[in-house]
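Hi,

Here is the structure I promised to pass on. Have a look at it first, and then read my notes below.

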Amino acid sequence: MDFDFLQPTDLDEVCKLLNEYKGKVKIISGGTDFMIDLHKDELSPEIEYIIDVSNLRDLNYIKEDDNKIIIGAGTTHNEIANNPIVNKWAPVLAKATNSIGSPQIRNRGTLAGNIVTASPAADSVPALLVLNGKVKIKTSSTTKEIPLEDFFIKPYQSKINQDELIVEISFKKPPMECKSGFKKLTRRKAVDKARLNIAVLALQNNIDEIEILRIAPGSITPTPERFEKTENILLNKRPTKELIKKAAEQVSSTMIEKSGYRWSTEYKKPVIKTMTRRILTRVLEVE
Amino acid sequence: METLSLEFKVNGQEHKLSVTPNKRLLDVLREDLNLIGVKEGCSVGECGACTVIMDGKIINSCMVLAGQAQNSEILTVEGLEKEEGKLHPLQQAFLDAGAVQCGFCTPGMLMSSYNLLQSNPDPDEEEIKDAIAGNFCRCTGYKQIIDAIKLAAERMNRQS
């Protein structure tokens, strides 16, 4: 595979090049997906230019203002997992990014990379979905922001156009009293893709009623999404074992509704049910 | 395909090379600089045999395009030896604890454990396991490697 390697020094130049070489260009950042495609000779033959954004400071930051947490697209999984702001406001994201790959992969792989690949099993995505994350996308002339849940089209395909670049991921700070959890099931402990993963964020009032509940299971639907029907089973109620059981069963049946009956369904059906039950029991502290 | 002028520091030495853009950092280290301690195992970022330290962080050199290493500082297993012929305490401990069998994973293991001991001179077993989670060994079952890292930490702490 032959290509020219371009290393722009700022974001405007990246967008200009994306526009100029539209369709013939691909972005590399952490490279943890790109380099596999390169090795397997699976990059599109139309690619003539590679733009490296891995050293762009414009894309590497974690900031907070009064309402929001804002993460630069090129921030690595390890930078996110170890960041005090993220750990304070969104431990669910710290946990999810810390579960990705290996230390070597987490030192290179980036948040935008994990999103843009549009893998149904991406670990950061369920966490960002329960945080109601938004993706900021730039071209040479426009900037727009779309909710993460609207970003995916189908497995490995997102709404990003050839002249567009993800520049930022942001989410509103959840109320400080929120509780959350992330759970991932893998065949081995490290360096493995999720067979199943799930993120939960919840807020209960002083009489234990659930005021906020967001549930996003991963790896069970073509594109990751929040399971609002399941959330509604528990919303505005005091959590009980029975309600949680009902919610867990609902996740399982929604999976089949959305993904059909697949070769893995026999396995995933009981396992996602159990994972949902366990994580809800823990997060909602039901005895 | 235009060649790329790559300037970077490897094991303390400045290099300026002309490379084709589709080369990986791994290829440049092995083929252009003859640093064959850097091993190619899976080529897809899973096994950690090609682990080197880039700007203070462990990375898989098969996952980095050569051009991405522009102006960086790289440390490979060849750079662990401080004086000619004198092994780094980690290397010595790997020998003494029987942590080297076929030896293919050893350079990568050494870089991950070196990186760990730089920031955490007295790691417990869980911290050691986390640090080498991205390095596969198919011979030892990891026990001897974990023992070796403990032994090296002990010896290095005694020395300082």
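**Chain B: domains and helix**

The domain assignment splits chain B into domain 1 (4-79) and domain 2 (89-159). Keep in mind as you read that this is a predicted model. Taken over C-alpha atoms, the centres of domain 1 and domain 2 of chain B are 21 Å apart. Where they touch, domain 1 of chain B puts in 13 residues and domain 2 of chain B puts in 11 residues. On the domain 1 side of that contact, β3(B) supplies the largest share, with 3 residues. Sorted by class, that side of domain 1 of chain B has 8 nonpolar residues, 4 polar ones and 1 charged.

β3(B) turns up again around helix α1 of chain B. This helix covers residues 25-32, and Leu25(B), Leu26(B), Val28(B) and Leu29(B) are buried in it. The cover over the buried residues of α1(B) includes β1 (4-10), β2 (13-19) and β3 (51-54) of chain B. Just past the end of α1(B), Asn34(B) has a positive phi of about 55 degrees.

**Where the chains meet**

The contact between the two chains involves 26 residues from chain B and 23 residues from chain A. On the chain B side, strand β4 (residues 57-60) gives the most, with 4 residues. That side of chain B is made up of 12 nonpolar, 10 polar and 4 charged residues.

**Chain A: domains and core**

Chain A comes out with domain 1 (4-52), domain 2 (57-172) and domain 3 (179-283) in the domain assignment. For domain 1 and domain 2 of chain A, the C-alpha centres are separated by 19 Å. In their contact, 15 residues of domain 1 of chain A meet 18 residues of domain 2 of chain A. Helix α1 (residues 11-20) of chain A brings the largest share of the domain 1 side, 6 residues. By class, that side of domain 1 of chain A holds 5 nonpolar, 6 polar and 4 charged residues.

Then there is the core. The largest nonpolar core has 123 residues, and Leu93(A), Ala199(A) and Val200(A) have the most contacts inside it. Strand β12 (residues 196-204) of chain A contributes the largest share of this core, 6 residues. If you want a residue to centre your view on, try Val200(A): leaving out residues up to four places away in sequence, Val200(A) touches Val130(A), Ser180(A), Gly181(A), Ile215(A), Ile279(A), Leu280(A) and Val283(A).

**An open sheet in chain A**

Next, a sheet to trace. In chain A, 5 strands make an open antiparallel sheet, in the order β4-β5-β10-β6-β7. β4 (62-64) and β7 (143-147) of chain A are the edge strands, and each has a single partner strand, so one side of each has no neighbour in the sheet. On average, and ignoring direction, neighbouring strands of this sheet are turned by 25 degrees against each other.

At the β4 edge, β4(A) pairs with strand β5 (residues 68-72) of chain A over 3 bridges, in the antiparallel sense. Within this part of the sheet, Lys63(A) sits opposite Ile70(A) in β5(A).

At the other edge, strand β6 (residues 134-138) of chain A and β7(A) form an antiparallel pair over 5 bridges. A hairpin takes the chain from β6(A) to β7(A) through 4 residues. Lys138(A) has Thr143(A) in β7(A) as its bridge partner. How many of the 5 residues of β7(A) are buried? The count is 0, and β7(A) is hardly covered.

**Two positive phi values in chain A**

Two more residues to check, neither of them a glycine. Asn132(A) has a positive phi near 55 degrees, and Asn132(A) belongs to the loop between α8 (124-130) and β6 of chain A. There are 16 C-beta neighbours inside 10 Å of Asn132(A), so this residue counts as partly exposed.

Glu285(A) has a phi near 50 degrees, again positive. Glu285(A) is found in the segment after α11 (265-283) of chain A. Buried or exposed? Glu285(A) is exposed, because the number of other C-beta atoms within 10 Å is 11 and the cut-off for exposed is 12 or fewer.

Best wishes

Conventions: Residues are numbered from 1 along each chain as its sequence is written. Chains are lettered from A and ligands numbered from 1 in the order in which they are written. This is a predicted model: local features need pLDDT of at least 70, side-chain atom pairs count only at pLDDT 80 or more; totals for chains, interfaces and linings use all residues. Two strands pair if DSSP finds at least two bridges between them. Axes are lines fitted to C-alpha atoms, for helices over the stretch in contact, and angles run from 0 to 180 degrees between N-to-C directions. A nonpolar core is a set of buried Ala, Val, Leu, Ile, Met, Phe, Trp, Tyr and Cys residues joined through C-beta atoms within 7 Å. A residue is buried if 20 or more other C-beta atoms lie within 10 Å of its own, exposed if 12 or fewer, and partly exposed in between; C-beta atoms are placed from the backbone. Two residues are in contact if their C-beta atoms, placed from the backbone, lie within 7 Å. Domain bounds come from an automatic or database domain assignment. Ala, Val, Leu, Ile, Met, Phe, Trp, Tyr, Cys and Pro count as nonpolar, Asp, Glu, Lys and Arg as charged, and the others, Gly among them, as polar.
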